[in-house]
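Colleague: I would like a close look at a single part of this model, the surroundings of the bound ligands. Please take me through them in one go.

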Amino acid sequence: MSGTEMGVETEAEVEKVERKHTAEIGEEDVGKKVKLYGWVHEVRDHGGLVFVILRDREGFIQVTLPKKKVDPESFKTAKKVHRESVVEVVGVVKAEPKAPGGYEIIPEKFVVLNEADAPLPLDVAEKVPAELDTRLDHRYLDLRKPKVQAIFRIRHCMLQSVRAFLCEEGFIEVNTPKIVSTATEGGTELFPISYFEKEAFLNQSPQLYKQVLMASGLERVFEIGPIFRAEEHNTVRHLNEAVSIDIEASFLDHKGVMDVLERLVKRVYEDVNEKCERYLEWLNLKLEVPETPFERISYDEALEIANRKGESIPWGEDISTPALKLIAEEMPEHYFIMDWPTKSKPFYAMPYEDRPEICKSFDLMKGALELASGAQRIHLHDLLVKRIEECGMNPESFGFYLEAFRYGMPPHAGWGLGADRLLMSMLGLKNIREGVLFPRDRNRLVP
Ligand code: ATP
Ligand code: MG
């Protein structure tokens with residue numbers, strides 16, 4: 001198809017009619033002829049009068065076809081059109097207080113560009129509610145619902161905001177390989193793939209590459225990309241393929257990158273509030289921009305809170321979900337848990353010099369949900385080798401990574417922030433899958 005818009009006329013017949021989206025129709029269009037493309041959301045047939053609700057990505061508009069006023073072909077077409085068919089409508093805009101949005105179109109042309117089969121596998125108008133599984137099976141239809149589309153319009157804005165913010169802060173966007181030969185943090189939770197005659201894996205995190213790039217002198221890098229985790233569990237906050245927003249920065253410690261992280265979260269909320277007012281409205285949501293600085297508690301303090309509320313965690317272990325829920329009762333908003341036991345974090349986290357059993361690490365939480373993990377990293381070659389060995393791994397399998405630490409690796413720190421989790425927490429989604437177009441989980445590989 002050429003760059004011209006879809007239609008059924010030959011070029012010679014094309015009359016210059018401006019193409020509009022439903023939401024663009026306003027007072028200034030009354031009496032004007034416009035062209036709209038969209039889907040048939042609803043048809044109401046009153047015999048000699050047919051109402052078609054046309055839906056496009058920006059909203060709805062009523063197309064009104066009085067038998068006596070529109071051409072017979074258009075009238076006949078509208079009467080028998082199936083819901084969710086793709087249509088082109090050319091007609092004059094009229095103010096109509098009773099129509100949704102306040103305007104209607106009296107078509108001079110109502111053409112079906114592609115008729116939808118009936119019945120639909122999923123009710124887009126949501127008169128019949130559907131389970132999430134059914135919705136995901138027919139995601140393309142599910143996405144036609146304004147509430148669902150709003151989530152992805154906001155996701156788009158969130159990622160734009162993240163990019164803009166990090167670029168302003170001097171970070172350079174990079175892309176690191178997703179097919180790798182080494183595990184990032186040990187051999188578990190990896191998806192093996194066959195790579196010609198070798199075994200390879202889908203990368204669980206860009207961690208090692210981000211760090212190698214610190215040795216390259218780029219100083220500040222970020223990546224927004226997929227991470228793959230072969231975790232068996234099926235929860236509302238885990239996916240087997242997620243999108244991670246990762247940064248690494250030279251000459252900053254853990255506190256430096258925590259500052260970047262909280263500024264970023266605040267900025268995303270501000271940008272979404274400013275740019276996605278309509279979509280928040282579609283979702284019936286009011287976003288409150290979180291106040292910074294976020295509260296910061298230590299791992300030890302987190303354990304005390306949980307303990308006081310009846311959930312005891314042996315020192316050194318990860319904080320369980322029930323314990324996090326108890327802590328979240330006191331801290332429902334954003335907060336950091338800092339200074340984790342060294343043994344509970346990956347080998348590359350920097351231990352405190354004076355207390356090596358804890359490390360310069362942090363998790364960013366929103367209530368009981370972990371949004372991000374980060375740390376100052378070990379930049380000293382020999383200490384890194386020692387930590388790899390202490391974690392029961394073989395330094396030889398980290399060849400390319402370790403070499404970078406021998407020839408001028410600056411001190412550095414970074415974090416990984418789950419994009420899907422950030423969206424989930426911002427919009428209060430009950431299930432992480434709601435904010436992912438085609439989620440991958442234990443049971444879902446299609447579509
Ligand atoms: P969790 O403890 O919640 O399983 P994690 O500590 O294993 O997460 P990290 O390795 O710290 O995860 O990854 C950094 C961030 O990436 C997490 O804070 C989270 O936001 C996101 N993330 C990690 N694994 C997943 C996953 N399976 N699904 C969705 N997001 C994830
Ligand atoms: Mg983590």
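Modeller: What follows goes through the shell, the polar contacts and the metal in turn.

The model is a predicted one. Around ligand 1 there are 15 residues, and R229, H238, L239, E370 and L371 come nearest. By class, the shell is made up of six nonpolar, four polar and five charged residues. Two strands, strand 16 (369-376) and strand 17 (412-418), each supply at least two residues of the shell. Strand 16 gives the most, with four residues.

Next, the polar contacts. The side chain of R229 has an N or O atom 2.8 Å from an oxygen atom of ligand 1. For H238, a polar side-chain atom lies 2.6 Å from an oxygen atom of the ligand. R421 also places a polar side-chain atom by an oxygen atom of ligand 1, at 2.9 Å. Taken alone, ligand 1 exposes 580 Å², and the protein buries 84% of that.

That leaves the metal. Ligand 2 is a magnesium ion, and its protein donors are E370, through OE, and S373, through OG, lying 2.2 Å from the ion. E370 is also among the residues that come nearest to ligand 1. How do the two donors rank, buried or exposed? Neither: E370 has a relative accessible area of 30%, so it counts as partly exposed. S373 is partly exposed as well, because its relative accessibility is 25% and the buried class requires under 20%.

Methods. Residues are numbered from 1 along each chain as its sequence is written. Chains are lettered from A and ligands numbered from 1 in the order in which they are written. This is a predicted model: local features need pLDDT of at least 70, side-chain atom pairs count only at pLDDT 80 or more; totals for chains, interfaces and linings use all residues. Side-chain values use heavy atoms; hydrogens and water are left out. A residue is near a molecule or strand if one of its heavy atoms lies within 4 Å of it. A polar contact is a pair of N or O atoms within 3.5 Å; within protein, one must be able to donate a hydrogen and the other to accept it, and residues adjacent in sequence count only if both atoms are side-chain atoms. Accessible areas come from the Shrake-Rupley method with a 1.4 Å probe; for residues, only the protein chains shown count as cover. Ala, Val, Leu, Ile, Met, Phe, Trp, Tyr, Cys and Pro count as nonpolar, Asp, Glu, Lys and Arg as charged, and the others, Gly among them, as polar. Donors are N, O and S atoms within 2.8 Å of the metal (3.2 Å for Na, K and Ca); water is not among the atoms, so sites may look incomplete. Buried means under 20% relative accessible area, exposed over 50%, partly exposed in between (1.4 Å probe, protein chains only).
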